[in-house]
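The following exercises concern helix packing, burial and backbone geometry. Please examine the sequence and the structure before working through them.

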Amino acid sequence: MNAFRKRGSGHSGDATRAVVITGIVCVLIGGVVGNAKADESRRPNLIFVLSDDVAQGDLGCYGQQLIQTPHLDQMAAEGTRYMQAYCGTSVCAPSRSSFFTGLHCGHCPVRGNYEMPPEGQFPLPDETVTIAEVAKAAGYATATFGKWGMGFFDTTGSPMNQGVDHFYGYNCQRHAHSYFPTYLFDDDQPFRLPGNDGRTVGQTYAQELIQQDMIRWVRDHADQPFFLFYAVTLPHGRHEIDDLGIYAGKPWSLKEKSYAAQVSRLDSDMGQLLSVLKETGIDDDTLVLFSGDNGSSFSPDSAMGKRFEQASNGLRGFKRGMYEGALRQAAIAWWPGTVPAGRVTDQPWAFWDVMPTFVEMARAEPPEGYETDGHSLVDFLRGGDAPKREYFYWELHGGRPIQAARFGDWKAVRIGVDRPIEIYDLAQDPAESNDLAESRPDLVAKAAEIFSEAHRESPHWPLSGKTKHRADREKAAWQITRRRNAETYVPDAAR
């Protein structure tokens with residue numbers, strides 16, 4: 001049996017912590033997913049780009065009329081666009097964690113935005129096997145850029161303790177609310193951003209620095225296999241940007257102009273990344289997955305939702321919910337010569353499927369301690385059918401935990417364990433407007449079985465609701481954040 005052990009305290013200063021994996025087949029026979037043009041000696045790279053709060057309705061290739069996204073539209077034309085790609089859940093930290101662990105939120109160690117004082121979020125446990133650890137053990141260089149939010153540097157959830165060779169950006173998602181912060185992190189070292197106070201639009205735009213470091217890292221690692229997770233903060237609020245560009249003269253509110261400019265900035269940064277892959281000659285060796293981490297942060301009835309018609313896909317719901325508008329993501333796969341160009345598919349998949357997909361791509365034999373709720377998408381990426389499964393499952397732990405499941409074309413939603421289960425037929429009613437629970441008690445019973453089976457008990461995520469311990473820690477975390485913002489805080493160790 002293969003061994004996969006995680007040793008040590010998990011703190012960033014613990015040099016003894018290591019990942020040991022034996023028996024991994026590290027040589028990938030050329031064309032593992034049918035790429036005849038790729039170098040037969042090269043194992044494929046994986047880049048997962050996760051945009052914070054971008055919605056299907058924000059991109060031209062999904063129907064957006066006012067915001068220009070030519071590079072993502074071209075990416076979709078050169079690759080495959082997914083109409084029913086599902087996030088981990090409908091807020092950022094657990095959605096990222098679902099991808100990073102290969103687990104849905106009934107099993108994932110992070111199931112909500114759990115704020116920790118003085119900085120950071122609830123950490124991934126030391127024993128968790130992450131996709132970065134699998135990649136690193138298989139000989140891949142690994143990096144994460146943008147927003148982490150899965151544990152501060154003095155915890156087991158630090159990126160440096162979870163298989164990441166290089167990190168650059170925000171560790172804490174509260175800190176990431178400012179696009180002009182007073183500091184960022186290069187690995188676990190804070191550094192100052194000149195001309196910024198963290199409260200207003202300043203001189204140094206964090207996204208520019210993050211993008212530059214990411215591009216530099218890709219160029220530096222073009223001659224070896226790599227895994228890259230780019231958790232882009234755009235277009236999450238606050239809606240701040242250094243240049244309104246083509247939207248400056250629009251007769252819109254400043255918030256609307258800023259949001260449109262954020263989405264277009266996201267688009268141009270993606271265009272630069274794909275251009276660098278082509279320039280370095282590794283585009284045929286690189287799978288790029290682009291997605292949003294949850295549905296739009298705006299209600300369709302809000303000024304922003306109405307301005308940009310974000311619900312033009314006809315789906316119900318938005319961020320923090322369990323309806324399709326909160327869970328289905330803008331998602332594009334790009335891999336020249338392997339992923340079919342111009343394909344659009346309605347077949348569903350979810351974030352937790354990326355882990356087993358990478359395991360198969362890298363021909364890494366699953367190690368001891370590894371588990372996943374996902375199914376490999378390798379054949380699906382090549383143009384075949386999506387894998388068959390019994391169900392998809394989601395839960396989210398905010399104030400009152402909420403749950404959802406999809407089995408076949410049936411969708412079940414429960415907005416709290418004390419609330420009735422709703423049933424929808426997605427084939428006939430993708431807007432989830434007609435609750436069939438009363439006429440289909442058999443489906444209600446089936447959904448209840450799934451909800452029970454898919455939820456693994458955890459003292460941190462009880463279905464009875466937020467614990468007092470969590471509530472107290474979150475209150476303390478936000479108090480510290482507000483005080484730091486008022487004081488223009490910079491860590492003492494910042495260079």
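Four exercises follow, each with a worked solution.

The model is predicted, so that local features need pLDDT of at least 70 and side-chain atom pairs count only at pLDDT 80 or more, while totals for chains, interfaces and linings use all residues. Residues are numbered from 1 along each chain as its sequence is written, and side-chain values use heavy atoms, with hydrogens and water left out.

**Exercise 1. Determine which residues of helix 10 are buried and which are exposed, and what the buried residues pack against**.

Step 1. Helices (H or I, at least four residues) and strands (E, at least two) are DSSP runs, numbered from the N terminus. Helix 10 comprises 14 residues, 441–454. Its span from first to last C-alpha is 20 Å, close to the 20 Å expected at 1.5 Å a residue; the expected span is 1.5 Å times one less than the number of residues.

Step 2. Buried means under 20% relative accessible area, exposed over 50%, and partly exposed in between (1.4 Å probe, protein chains only). L443, A447, I450, F451 and A454 are the buried residues of helix 10. Because these residues cover an arc of only 100 degrees around the axis, they lie on the same side of helix 10; the arc is that of the directions from the helix axis to the C-beta atoms. P441, E449 and S452 are exposed on the other side.

Step 3. Contact means heavy atoms within 4.5 Å. The buried residues of helix 10 pack against strand 14 (392–396), strand 15 (402–407), strand 16 (410–414) and strand 17 (422–425).

**Exercise 2. Describe how helix 1 and helix 5 cross, and classify the residues of their contact**.

Step 1. Axes are lines fitted to C-alpha atoms, for helices over the stretch in contact, and angles run from 0 to 180 degrees between N-to-C directions. The axes of helix 1 (residues 70–78) and helix 5 (residues 254–279) come within 7 Å and cross at roughly 50 degrees.

Step 2. Helix 1 and helix 5 are therefore oblique to each other. Angles under 35 degrees count as roughly parallel, over 145 as roughly antiparallel, 65 to 115 as roughly perpendicular and the rest as oblique.

Step 3. From helix 1, P70, H71, L72, M75 and E78 meet D267, S268, M270, G271, L274 and K278 of helix 5. The contact residues divide into five nonpolar, three polar and three charged. Here Ala, Val, Leu, Ile, Met, Phe, Trp, Tyr, Cys and Pro count as nonpolar, Asp, Glu, Lys and Arg as charged, and the others, Gly among them, as polar.

**Exercise 3. State how many residues of helix 8 and of helix 2 are buried, and what surrounds them**.

Step 1. Helix 8 (residues 354–361) is largely enclosed by the rest of the structure, because seven of its eight residues are buried. These are V354, M355, P356, T357, F358, V359 and M361. Their cover includes helix 2 (92–101), helix 3 (131–137) and helix 9 (378–382).

Step 2. In helix 2, ten of ten residues are buried. They pack against partners including strand 3, strand 5 (141–147) and helix 8.

**Exercise 4. Locate the positive phi values of R363 and E432 and the cis peptide bond from P117 to P118**.

Step 1. Most residues other than glycine have a negative phi, and most peptide bonds are trans.

Step 2. R363, not a glycine, has a positive phi of about 50 degrees. R363 is in the loop between helix 8 and helix 9 and, at 38% relative accessibility, counts as partly exposed.

Step 3. E432 also has a positive phi, near 50 degrees. E432 lies in the loop between strand 17 and helix 10 and is buried, with a relative accessible area of 1%.

Step 4. The peptide bond from P117 to P118 is cis, with omega near -5 degrees; P118 is in the loop between helix 2 and helix 3.
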